[in-house]
2 protein chains.
Amino acid sequence: MKYLTLIISLIFTQISFAQNDSTFIRKIYDEALEKGHAYQNLHSLCKDVGARLTGSAEADMAVKWGEKLLNSYGFDKVYLQEISIPHWERGTTEAGWIEDANGKVHKLNILALGGSIHTDGLINAEVVVFENLDALKKAAPSAVKDKIVFLNDAFDQKMIQTFQAYGACYPQRGEGAKEAGNLGAKAIVIRSLASSTDQHPHTGSMHYDDTKKKIPAAAISTMDADLLSNWLKKGKVTLSMEMDCKLLLNKTSYNVIAEMNGKDDQVITWGGHLDSWDVGEGAHDDGAGIVHSIEALRILKSLGYKPQHKLRCVLFMNEENGNMGGSTYAKWCKSNKEIHLAAIESDRGGFLPTGFDVRGSNEQLAFVQGFKDLLYDFELFKFDQGYSGVDIGPLMEEYPEMLQLGMTINSQLYFNYHHSEADVFEAVNKRELELGAAAMAAMIYLLDSHL
Amino acid sequence: MKYLTLIISLIFTQISFAQNDSTFIRKIYDEALEKGHAYQNLHSLCKDVGARLTGSAEADMAVKWGEKLLNSYGFDKVYLQEISIPHWERGTTEAGWIEDANGKVHKLNILALGGSIHTDGLINAEVVVFENLDALKKAAPSAVKDKIVFLNDAFDQKMIQTFQAYGACYPQRGEGAKEAGNLGAKAIVIRSLASSTDQHPHTGSMHYDDTKKKIPAAAISTMDADLLSNWLKKGKVTLSMEMDCKLLLNKTSYNVIAEMNGKDDQVITWGGHLDSWDVGEGAHDDGAGIVHSIEALRILKSLGYKPQHKLRCVLFMNEENGNMGGSTYAKWCKSNKEIHLAAIESDRGGFLPTGFDVRGSNEQLAFVQGFKDLLYDFELFKFDQGYSGVDIGPLMEEYPEMLQLGMTINSQLYFNYHHSEADVFEAVNKRELELGAAAMAAMIYLLDSHL
């Protein structure tokens, strides 16, 4: 009912506030596009820090980088929040080859999935292919035992939003090793979860069943997946691979948090994740979300905005392989008996923003859709029920009635870069990144003013 | 009133046709995204033909390329339409240098504007800078005489749609040489009409007053414009330049046209332009529009669609420097007493399509907006009054009441590539290009079915 009342009051006060809101949002965009820091901050995160896998030296440097940058802007409060994190390392050896039906050897572009065990030296076995995880689940153990399983589930190009295609293929990466291990396979390689046909393998998280046999798991590029698939149609293929990745002891790391005080202590949280995978530079995933989030707070402060509520920007650690940052933050908020009004996440890249997905009730959706006209001229068109984000997900468990938003971003190119060596600063466009920061700032302003 | 009736009938028949339309549009997208030819056709146009300035050998080859490709698809009719075209050539020498206030020489990235006269050997003169064309217009002749004028009007980064920023800066390219020549300048260089700060100069059309003195005109890159501007703040700067471009005699060239017959002979026209500037590969401008247009017709035919009206895809020649293709086509239609229902143009690049600008009455706009819900899931959101396109512009003069549409496309990156050596095939994303072709096909289908 709270939102219904808000919507009604929004309609009645539309004429009076529309002008102010519209003027202020215009100022936000002017600041982002003319005097923005987002692009230079992303450059610094990508080039001065680099790829920053949870537990790595680079991730520790990223925490320092974030704390230092947030302090430089003079926000009301900047602090670190301690979290316990997993620590997995790729190691130095990662190589794969296939021997085709004619005995010719082909080198593969191979990349261990995050969390995989090592191979313990060079291993090799005959390859058995399945079109997807469901097909593997139906296989007889005798068809899989002592072989290397190859899951070749490709993105469905017909899906307009590539996140849908990613979601449909995700099980082969997340659950493939567990299923193949249960059936006695020696190792598993999967087709990279990517929209494009190219030479980059794409890593990402995976899960083992700790009570069962674990097997090494790696991604191969979509071009190598096509190569392997074609040779398998012609006869027997043997795959040799070596990876010396390993899981180490848990470590301590930090979420990095900045706040602007409001007239009350009710909290609006937003953020992205500071960690990335260890290849490329984590530019789109999620350097963009980090600089969107920092820039949104900087813009509001630079415009002299006086918040109604406590505005809190969180640079979450460990989204990629554990989400300890998100879950620790949510529990901490609840244990501090904080009241939370809303949360926003940016974790879909630095491309053109298109709107916001709303995770909440129909009344909450209608409330957000009330801002549609104000944002149309800034080419934000999309305000639908949808997903918010991994980092702010656990907040929903502690505050089931809160409003959550995920910034929607043109998804067409995202999975060409995601979790691969291609995800570098140069793949991000300055104006698109700045528009993302402005969209975040505008939505934070609107929520803060009208919630 | 015709459109009012259409809108009313559209509302009443919405339930019955929505299902059919929705199913057919889904098929269009499936064909474009799974079995599309747009990307391979763009590759061929960019790599097998290359940049194709009106009058060049490459433009002649592009006509053959287009005719051959359209014939290969077995459309009802493929033919060439003769036009008389201007013929300007860049020549082989193009170079510029500045000598700064300390006597140090800097090489400039310089590119003659299309239609410029040559310099007749190396020329040099002191540089005088103006912030934009209006400032130059107010200058005293004594401040300009025998100098090289530098117009340094930069894109207004605050403008959300970059086409607006381009439009605001356009006068310095289109009219700068005329104004500077009138004031006695020796030559003119302009800051490239570009969103980004980089080393590529961007060419484009310009106009002389044939009754007055003509002076050479060139663009310099935005980085060189900043360099020159900074040195001018420190003291006197001399610019040396040579260009041997020239205007030749008019030639004959062709629009390339393909048709599918309908139940009647009323025409729906769409297209892009086959010519490009002579740098880069004309990939976004307007190779993308050409392959969007061809692919739209191919998709409709491949799905067995039986048109209501005559569907005509036109690959226009000479959009960039004369628009003889567009104006000849419009006159030809009128002289043949054809009835024209609508025209659509794609000439805003191969990036993500966002909707359609409507050039027409409010009733025509409402009619097109009636398709909004059908296109929402395909992420086409924008249906506003706006501009259609240069090629189909002259049709409006012959058929002032016709409906015209311009496909709107994410404009954020367009002017990083436009008219420069950066506009190559590799700058176009496969999925975004395919979505553009599908959007064109869907709109042609909707117009054909409901007009």
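Chain B of this predicted model has an open sheet of eight strands, in the order 3-2-9-5-6-7-8-4 and with mixed pairing. Its edges are strand 3 (105-108) and strand 4 (110-112) of chain B, each of which pairs on one side only. Going from one strand to the next, the twist averages 30°. Below, we stay with that sheet for a moment, then move on to the other strands of chain B, the sheet and helices of chain A, the domains, and the contact between the chains.

**Inside the chain B sheet**

- Strand 2 (residues 94-99) and strand 9 (residues 238-243) of chain B run antiparallel to each other, paired over six bridges.
- Within that pairing, Trp97(B) has Ser240(B) of strand 9 as its bridge partner.
- Helix 9 (residues 222-234) of chain B lies across a good part of the order: strand 2, strand 3, strand 5 (123-130), strand 6 (148-151), strand 7 (187-191) and strand 8 (217-220) of chain B.
- As for direction, helix 9 of chain B runs at about 85° to strand 5 of chain B.

**Other strand pairs in chain B**

- Strand 1 (residues 77-89) of chain B is joined to strand 10 (residues 246-260) of chain B by 12 bridges, in the antiparallel sense.
- Look for Gln81(B) here: the residue opposite is Asn255(B), in strand 10 of chain B.
- Strand 10 of chain B also runs antiparallel to strand 12 (residues 310-316) of chain B, and five bridges join these two.
- Glu259(B) has its bridge partner in strand 12 of chain B, namely Arg312(B).

**The eight-stranded sheet of chain A**

- Over in chain A, there's an open sheet of eight strands with mixed pairing, ordered 1-10-12-11-13-16-14-15.
- Strand 1 (77-89) and strand 15 (382-385) of chain A have a single partner strand each, so they stand at the edges with one side left without a neighbour in the sheet.
- The twist here averages 20° from one strand to the next.
- Strand 1 of chain A pairs with strand 10 (residues 246-260) of chain A over 12 bridges, antiparallel, and Ile85(A) finds its bridge partner in Lys251(A) of strand 10.

**Helices on that sheet**

- Helix 10 of chain A packs on the sheet and touches strand 10, strand 11 (267-273) and strand 12 of chain A.
- The direction of helix 10 of chain A makes about 145° with that of strand 11 of chain A.
- Helix 11 of chain A lies across strand 1, strand 10, strand 11, strand 12 and strand 13 (340-345) of chain A, and runs at about 140° to strand 1 of chain A.

**How helix 3 meets helix 10 in chain A**

- The axes of helix 3 (residues 38-49) and helix 10 (residues 283-302) of chain A come within 9 Å and cross at roughly 135°.
- That angle is why helix 3 of chain A counts as oblique to helix 10 of chain A.
- The crossing of helix 3 and helix 10 of chain A is right-handed.
- From helix 3 of chain A, the contact uses Ala38(A), Asn41(A), Leu42(A), Leu45(A) and Cys46(A).
- Facing them in helix 10 of chain A are residues including Gly287(A), Ile290(A), Val291(A), Ile294(A) and Glu295(A).
- By class, this helix 3 to helix 10 contact in chain A has nine nonpolar, three polar and one charged residue.

**Backbone oddities**

- Watch the start of helix 10 in both chains: the peptide bond from Asp285(A) to Asp286(A) is cis, with omega near 0°, and a cis peptide bond also joins Asp285(B) and Asp286(B), with omega about 0°.
- Asp286(A) belongs to helix 10 of chain A, and Asp286(B) to helix 10 (residues 283-302) of chain B.
- Asn318(A) isn't a glycine, but its phi is positive, near 75°.
- Asn318(A) sits in the loop between strand 12 (310-316) and helix 11 (324-335) of chain A.

**Domains of chain A**

- The domain assignment splits chain A into domain 1 (2-86 + 250-450) and domain 2 (91-244).
- Their centres, taken over C-alpha atoms, are 34 Å apart.
- Where the two domains of chain A meet, 14 residues of domain 1 are in contact with 17 residues of domain 2.
- The domain 1 side of that contact has five nonpolar, seven polar and two charged residues.

**Where chain A touches chain B**

- Chain A and chain B put 20 residues each into their contact.
- Helix 2 (14-34) and helix 16 (430-450) of chain A each supply at least two residues of the chain A side.
- Helix 2 of chain A gives the most to that side, with four residues.
- The chain A side divides into seven nonpolar, five polar and eight charged residues.

Key
Residues are numbered from 1 along each chain as its sequence is written. Chains are lettered from A and ligands numbered from 1 in the order in which they are written. This is a predicted model: local features need pLDDT of at least 70, side-chain atom pairs count only at pLDDT 80 or more; totals for chains, interfaces and linings use all residues. Domain bounds come from an automatic or database domain assignment. Two residues are in contact if their C-beta atoms, placed from the backbone, lie within 7 Å. Ala, Val, Leu, Ile, Met, Phe, Trp, Tyr, Cys and Pro count as nonpolar, Asp, Glu, Lys and Arg as charged, and the others, Gly among them, as polar. Two strands pair if DSSP finds at least two bridges between them. Axes are lines fitted to C-alpha atoms, for helices over the stretch in contact, and angles run from 0 to 180 degrees between N-to-C directions. Angles under 35 degrees count as roughly parallel, over 145 as roughly antiparallel, 65 to 115 as roughly perpendicular and the rest as oblique. A crossing is left-handed if the near helix is turned anticlockwise from the far one by less than a right angle, and right-handed if clockwise.
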